[in-house]
Amino acid sequence: MEQKPARARIIDAAHQLMLTIGLARATTKEIARAAGCSEAALYKHFPSKEELFVVVLRERLPKLDGILKRLMADPGEGERTVERNLTEIAREAALFYEQSFPIAASLYAEPRLKERHNAAMRELGTGPHIPIRGVDAYLRAEQSAGRVRADADTYAAASLLLGACSQRAFAYDATETGGPPQPLDDFAASLARTLLSGLTGQRADQPAGLASQSSTPDKSSARTDPGAAEPRTD
């Protein structure tokens with residue numbers, strides 16, 4: 001089997017060490033040893049440990065944007081229900097936070113690295129707030145399609161969904177079992193069902209149809225994402 005290029009091996013090694021022994025103990029010497037190269041070779045590709053870890057965070061963490069872009073482009077693709085779409089988003093989001101939380105949490109122990117990471121996220125136009133905006137945009141597309149109530153607060157719903165998925169990643173380590181009380185698929189399905197009635201005005205066991213529309217949507221109930229480019233007006 002052909003060996004990976006040195007850069008890819010270094011990133012893989014840094015990623016694995018971040019997950020297993022943490023940022024503080026993942027020295028450049030340890031990373032180079034795990035990658036099968038010298039520290040000098042590591043520094044040819046990355047000017048500092050901080051820069052290496054920023055690349056790891058950017059290139060190795062799972063992403064949510066693929067599913068959200070697909071759903072936004074065609075919310076009712078193949079007559080998929082809102083419940084099914086929310087279940088898929090919740091499942092992918094739970095996996096995303098489960099895999100990324102151990103690394104992201106380590107940033108708070110390394111202020112210089114966290115500052116560099118935040119700067120890199122700003123340069124790339126990304127960050128932890130982006131998935132919330134993405135789910136909000138998807139739900140607003142469903143709103144336009146008539147499958148989500150006109151007076152539903154989509155930003156609050158997006159925040160609740162992703163907040164629950166994020167919480168699942170670390171909230172159960174100290175329990176007797178050391179893990180969440182529900183399997184991933186059950187969690188995603190129950191979370192989607194819970195949000196469904198507030199978003200559509202129907203129970204999960206009711207036939208799919210147009211969301212009940214408020215004849216005079218209460219604009220005062222809308223919430224605004226203070227960092228969003230365009231304020232909510234619905």
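How are H6 and H10 oriented to each other? I would like to work towards that question slowly, and I should say at the outset that what we are looking at is a predicted model.

Let me start with the chain as a whole, whose secondary structure comes to 10 helices and zero strands, so that, by the way these elements are assigned, the pattern read along the sequence is simply α-α-α-α-α-α-α-α-α-α. Of its 234 residues, 38% count as buried, while the chain exposes about 13,000 Å², with carbon and sulfur atoms supplying 53% of that area. If we take the contacts with a separation of 6 or more, 67% of them are between residues 24 or more positions apart.

Now to the two helices, H6, which covers residues 82-106, and H10, which covers residues 184-200; they pack with their axes 8 Å apart and at an angle of about 130 degrees. Angles between 115 and 145 degrees count as oblique, and H6 and H10 are therefore oblique to each other. The crossing in which H6 passes H10 is right-handed, and the residues making the contact include Leu86, Ala90 and Ala94 of H6, together with Phe187, Ala188 and Leu191 of H10.

Finally, I would like to turn to a single residue, Thr28, which lies in helix H2, residues 28-35. Thr28 has a relative accessible area of 10%, and because buried means under 20%, Thr28 is buried. Setting aside neighbours within four places in sequence, Thr28 is in contact with Glu39, Leu42, Tyr43 and Lys49, and with the side chain of Glu39 the Thr28 side chain makes a polar contact at 2.6 Å.

Methods: Residues numbered from 1 in each chain as written. Predicted model: local features only at pLDDT ≥ 70, side-chain atom pairs only at ≥ 80, totals over all residues. Heavy atoms only, no water. Helix = DSSP H or I, 4+ residues; strand = E, 2+ residues; numbered from the N terminus. Buried < 20%, exposed > 50% of the residue type's maximum accessible area, 1.4 Å probe, protein only. Polar contact = N/O pair within 3.5 Å; in protein donor to acceptor, adjacent residues only side chain to side chain. Contact = heavy atoms within 4.5 Å. Areas by Shrake-Rupley, 256 points an atom, 1.4 Å probe, with all protein chains shown as cover. Axes fitted to C-alpha atoms, helices over the stretch in contact; angles between N-to-C directions. Parallel < 35°, antiparallel > 145°, perpendicular 65-115°, else oblique. Left-handed = near helix turned anticlockwise from the far one by under 90°.
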